[in-house]
Amino acid sequence: MGQAKQMMNEWLQHRNVLEELLETIDDEHMDFRPWDGAMTLGELALHVAGWNEVFVSMVKTEEFAPPDIPECKTMGEIRQAVKDFTEKTKAAYESLNDEDLEAQNHSSIPKLKGPKKNYLTAMYDHEVHHKGQLFVYARLVGVKEVPFFR
């Protein structure tokens, strides 16, 4: 198995758990935010899902373009949007090969400089970071049973 496929599979393990976690959240909690200025639970779920496709696409394009985040009025719509983003991200990931990952990037962000796989490492860290926040949000709104983290 190539490096690109292995990285995608590791990311998918986390994304699948995110989708499971969102199944535990009811509509009444989608606007929950633990402090003023924080993203709501729904916004945070859409943020992590939408931006990850940007990171993966950057391996091919080097373009840092904000994702088109849909406006969702229910948790069902949020869950569907996350699934749609998952499919888009997976398709972008499947277009990558190991040579793409080892090519040097042109990032203006010093910590991302180097091989383009650095974009995927940043995306993975982004997913894990925000998924951890969503686990805390879920507990704060009373979810008793959460999926295993991976």
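Among contacts in the protein chain between residues at least 6 apart in sequence, what percentage join residues at least 24 apart? The share is 70%. Please keep this figure in mind during the tour of this predicted model.

**The whole chain.** Begin by selecting the protein chain and colouring it by secondary structure. Five helices and zero strands will appear, and the order along the sequence reads α-α-α-α-α. Viewed along the principal axes, the C-alpha atoms occupy a box of roughly 45 × 30 × 25 Å. The radius of gyration is 16 Å, which agrees with the value near 15 Å for a compact globule of 150 residues.

**The surface.** Next, display the accessible surface of the chain. About 8,100 Å² is exposed, and carbon and sulfur atoms supply 52% of that area. Of the 150 residues, 47% are buried.

**Helix α3.** Now select residues 75–94, which form helix α3. This helix contains 20 residues and spans 28 Å from its first C-alpha to its last, close to the 28 Å expected at 1.5 Å a residue.

**The buried side of α3.** Within this helix, show the side chains of M75, I78, R79, A81, V82, F85, T86, T89, A92 and Y93, which are its buried residues. They lie on the same side of α3 because they cover an arc of only 160° around the axis. An α-helix has 3.6 residues a turn, so residues three or four places apart point the same way.

**The neighbours.** Add α1 (3–22), α2 (41–61) and α5 (117–140) to the selection; the buried residues of α3 pack against these helices.

**The other side.** Finally, turn to the other side of α3 and select E87 and E94, both of which are exposed.

Methods: Residues numbered from 1 in each chain as written. Predicted model: local features only at pLDDT ≥ 70, side-chain atom pairs only at ≥ 80, totals over all residues. Heavy atoms only, no water. Helix = DSSP H or I, 4+ residues; strand = E, 2+ residues; numbered from the N terminus. Expected span 1.5 Å × (residues − 1). Buried < 20%, exposed > 50% of the residue type's maximum accessible area, 1.4 Å probe, protein only. Arc of directions from axis to C-beta. Contact = heavy atoms within 4.5 Å. Rg over C-alpha atoms; globule rule 2.2 N^0.38 Å. Areas by Shrake-Rupley, 256 points an atom, 1.4 Å probe, with all protein chains shown as cover.
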